[in-house]
Each structure stands twice: as structure tokens, then as C-alpha cells.
Amino acid sequence: MRYGPSTPDMTNAPQIPQLALPNVDTNTPGALVASLPRARRVYVNRSLRMEHVEWVGFDMDYTLAIYRQAEIDRLSIEATVKKLVARGYPPQLAEATYDTQFPIRGLLIDKRHGHIVKMDRYKFVGRAYHGLRELTRDERHELYHSRKVRVGPPRYHYIDTLYALPEAALYAGAVDLLERYGLNVDYHELFDDIRQCIDEAHRDGSIVDVIANDLPRFVERDPGLAPTLHKLRSAGKKLFLLTNSRWAYTDRMMTFLLGGQLPEYGSWRNYFDLVGVAATKPVFFTEKRPFMERVFEGGTESVRQAYTLERGRVYEGGNLRDFERMINAQADRILYVGDHIYGDILRSKKDSAWRTAMIVQEMESEFDAMARTHDDAAELDRRDRQRDRLEDELRFHQSQFRALAKRVGEDDAEAVSLRRAIDALKGTLRELDASTRALQKATNAAYHRYWGSLFKQGVELSSFGDQVEEYACLYTSRVSNFANYPQAHYFRSPRDLMPHEL
Ligand SMILES: [Mg+2]
């Protein structure tokens, strides 16, 4: 099929038989959703009717391809450290072990001080580490609370992808190690060097080649992926792939993920109406670079500029405006599924009207933690209410005491007994606060040893959680979760009401 100004040509489209789809009662979506385990659900920030969606696009890395994070972190760190040592950093860096469990998405590197911090939605720094040492409340206050954190270069660097986690693990580990050797660390330069070295390792193949040659070690093949894409196609959706990865890697990865999964599809390419690689998102959304077609002829590959987009061909580069024009689709009828808050979700939201679904694979472990801390969370709520009551009581006693002391003096027997009651209440509050802090700490640690929940910081949304809420219409832990919903499902946001309406 051809997506361009001329008449569509159906000759290239493979004839795919329609598989029978499960007959789900679409009249009771609430019941359907409630029957799904939390980790298998799709969550809704902005309502979306699937029947209005004509095109569904997918990013590849960390979206269709679920990487095994610990494996890929180890590989990236190893490749990067080699380059750092070659640049003159102490060889001890290569022998050190790095805690790949340390970083999460949404952290901010403070290159001025060598700290790594987690903020809430109001840019309040709730946690911070120097190396693997947590900063005290006073240290945090001194640096971040007396003035507002202005997120951005050159001082700050935002860790917003799973891809970038090894940089943070390496930075924390290197800061610790270099300082242990008594070296004077230039924190800014160290981070920039790590960034450059890891980019270099990606460019020269030190990372990608190893992954491509051992995909089962680094990538989890989701058996639900192929049936999910098929189900979308059966519902009449057109699918496209839009990835920043290069063609050779994309072809390998997609063959691993989808090759031979369903007999109706001879190749992974048959699932997609359009395939775009080396798309250089977010530039794809903001600049007007041309689409180039990869041409495979006579055993050689070349590229030439493309003026139409056709099924079965492979494109590079490109831009949003040409894409929408060439496929002749309204922007709000395109649903794009990606994992990168900035490159996939925020840009497509800000620069176009594409609807977005964000893959947050960490949700699976968040739900585990939520289940494990269910009773503690209820206990924390109970203590919150208890604290409110005690404070009310304290204030009441205090005002009574003041009035009485004024009238009959502080040494009056009744005033003395009131004061005792006040002291006792203060003591109870102190104890309650201390034990609540301990319980809160244990609950946070169940989510993540260093940072607590990905989506929350204290009682607020974390800055990451805030961005997910702001920019992703839908979010879920993996693409195959879409298969759990009827094809014309109305993804309805629970947040249709403002606080004053509740
Ligand atoms: Mg990605």
C-alpha cells in the first residue's frame, strides 16, 4: 500500500486472514478492567476511544523490545569504563563494581556538586546522594531548598530513559571511588566524560554489537507481542514502527521479537504498514528533515529521497509534518507508543496532536511493592488521621491553659494538670512521628532501596510521575497489555473531576 497523494496500491499488502478474537463484553468495561491484574492494565490520564485511532505507531527499544536492565547496564558500564581509563582515569575504575540497582528514571545529576537528586513535581528535592551516601536533611536544605532548582544545562542533567541509567550508576560509583583515593574530582567534567564515553561506546558498536549478537541474553521476548499487533491489525488499525535505531540492528531485533511468532506473518515487516528507522527523535518532531528510502538492489544498499511512503519499504530520517501529510491522517487519529518521556511522548504531544501511550516497564516492580506494603500503607493513613486528632487536642489544651493561666496563674492546680496533659500529648506526638518515619522509610525501601517509589516523592508525585501524568494519554508496563482490552475500548480517565467536584 502506498501512502501518498496518488491512489492507494494494494498489491504489496499481504493478505492476512483474520483470527477469531475473544468475545469480550464491551458494555461493562469496569468489570473487564477490574478482572485484570494491575500489572496487566492500561492506565488513562486522558480519555481515548480506540475506535477513533487509525494509526498506531511504536518505538522499538524499551517499547517493543523489553531489555533486561541489569545485563544491559553491566555491559554499558564495562564498555564506558574502558574508554574512561583510556582517557586517563585511574585503572581502578575498571576493577570497581557498580551498583546497577542504584539509579531510577527521573533523577537529576547535579554536576556542580557531584550529587544525584530526586525531586517531586514542584522541583522540591526530597532525596539526594553523593556517590552512594545519602545527603542529610540539612545538606539538602542548604543546597536546594533555599532557592528553586532550575533544571537544565549546564549544571543539571536529567536521567529520563532506562537507556541512561548506567550513566547514573557509573557516576555515583566513580565519585565514591575517586574520592576514596583522595583525588580531587571535577564533578562536572567527570559526568561529561562519562556521557561522551557512553555515546562513543554506542556509536562504535561496543554496546550494540554485543547485544545484537546475543539477543536472548539482553532482551525478553514477550510472547504476547505478536498477537497484540495482530489484534490491532484485525481491528483495522494501520501500524508503523518509528525508531531511532539503525536498520541492521532494527531488523535483527524485530526478527528476534516477532519472527516466526504467528504463521500468518512471514516476516516481522508484515506487521507494519510503515517502517522508519534512524528517525532521530525528538528532531523528527521538530525539524523538517527529508524522508530517505533505503534501497536494496543487486546486493548493495543505498539511500534516496522519498516523496511517498509505501508499505514494504524502509525509511530513514523524516519529519512529523511530511509523515502526517503522506499518510493523510489527522494527527489526533495517530496513537504513538514509546518509552522516552522527552523523545517519544513530550515532543509528540507538544509539537503535534498525536495521542500517546507510554511504556513504563518498572510498573511491574512498583505493583509488587504496592502489594507487599499494602498493610503498611493503610497503617500510615491511620496514623495520619491519629496525628491530626492529637494535634487538635493539643491545640485545644494549649488555648485552655493560656486562658486559665491568665486568670489564676500557672501554679494553679488545674493549670498544672493541664500542662501535664500537654506535655504528655507532645510526647505521644514525638513517639508517633518517630515510629511513622521508620515505617515510612521501610515502605519506601520496599519500592526502591535508594529512592522509594518511581512515581511518588513523599506524598507528592515525583517529577517523573508528574511528566507521565502530564504528557502520556495512556501508560502501561508493556505493549502486550493492550491485548487485554476489546478492540473498540474506550480508555476513560478517572480524573475527569477537579478536586472541588469530588
Ligand atoms: Mg525507546
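Q: Helix axes here are lines fitted to C-alpha atoms over the stretch in contact, and the angles between their N-to-C directions run from 0 to 180 degrees. With that in hand, at what angle do helix H2 and helix H5 pack?
A: This is a predicted model, so keep that in mind for every value here. H2 covers residues 69-86 and H5 covers residues 165-180. Their axes are 9 Å apart, and the packing angle is about 60°.

Q: Is H2 parallel or oblique to H5?
A: Angles under 35 degrees would count as roughly parallel, and 65 to 115 as roughly perpendicular. The angle for H2 and H5 is about 60°, which fits neither range, so H2 is placed in the remaining class relative to H5: oblique.

Q: Which residues in H5 does H2 meet?
A: The crossing of these two helices is right-handed. By class, the contact has 5 nonpolar, 3 polar and 1 charged residues. From the H2 side come Gln69, Asp73, Ser76, Ile77 and Thr80. On the H5 side they meet Leu165, Pro166, Ala169 and Leu170.

Q: H5 also packs with helix H6, so how many nonpolar residues are in the contact of H5 with H6?
A: The axes of H5 and H6 (residues 187-203) come within 10 Å and cross at roughly 140°. That makes H5 oblique to H6, and the crossing is right-handed. Pro166, Glu167, Leu170, Tyr171, Ala174 and Val175 in H5 meet Tyr187, Leu190, Phe191, Ile194, Arg195 and Ile198 in H6. Sorted by class, this contact has no polar residues, 2 charged ones, and a nonpolar count of 10.

Q: Are H15 and H16 roughly parallel or roughly antiparallel to each other?
A: Helix H15 takes in residues 374-408 and helix H16 residues 413-447, with axes 9 Å apart. They pack at about 160°, and angles over 145 count as roughly antiparallel. The contact of H15 with H16 divides into 17 nonpolar, 8 polar and 8 charged residues. H15 and H16 are therefore roughly antiparallel.

Q: How far apart do the C-alpha centres of domain 1 and domain 3 lie?
A: The domain assignment gives domain 1 as 2-6 + 40-59 + 220-362 + 473-491, domain 2 as 69-212 and domain 3 as 366-453. Take the C-alpha centres of domain 1 and domain 3, and the separation is 52 Å.

Q: Over which residues is the pLDDT below 50?
A: For the protein as a whole the mean pLDDT is 91, and 93% of its residues reach 70 or more. One stretch falls below 50, and beyond near neighbours in sequence it has 25 contacts in the model. Where pLDDT is low, the predicted coordinates should not be read in detail. The stretch in question is residues 5-26.

Q: Which residue does a cis peptide bond join to Pro153?
A: Most peptide bonds are trans. At this spot the bond is cis, with omega about 0°. The second residue of the pair sits in the loop between helix H4 (137-145) and strand S10 (156-159). That residue is Pro154.

Q: What is omega for the cis peptide bond from Lys281 to Pro282?
A: Pro282 is found in the loop between strand S13 (274-277) and helix H11 (283-286). The bond leading to it from Lys281 is cis, with omega near 5°.

Q: What is the phi of Tyr62?
A: Most residues other than glycine have a negative phi. Tyr62 lies in the loop between strand S4 (55-58) and strand S5 (66-67). Although Tyr62 is not a glycine, its phi is positive, at about 70°.

Technical notes: Residues are numbered from 1 along each chain as its sequence is written. This is a predicted model: local features need pLDDT of at least 70, side-chain atom pairs count only at pLDDT 80 or more; totals for chains, interfaces and linings use all residues. Helices (H or I, at least four residues) and strands (E, at least two) are DSSP runs, numbered from the N terminus. A crossing is left-handed if the near helix is turned anticlockwise from the far one by less than a right angle, and right-handed if clockwise. Two residues are in contact if their C-beta atoms, placed from the backbone, lie within 7 Å. Ala, Val, Leu, Ile, Met, Phe, Trp, Tyr, Cys and Pro count as nonpolar, Asp, Glu, Lys and Arg as charged, and the others, Gly among them, as polar. Domain bounds come from an automatic or database domain assignment. pLDDT is the predictor's confidence in each residue, from 0 to 100.
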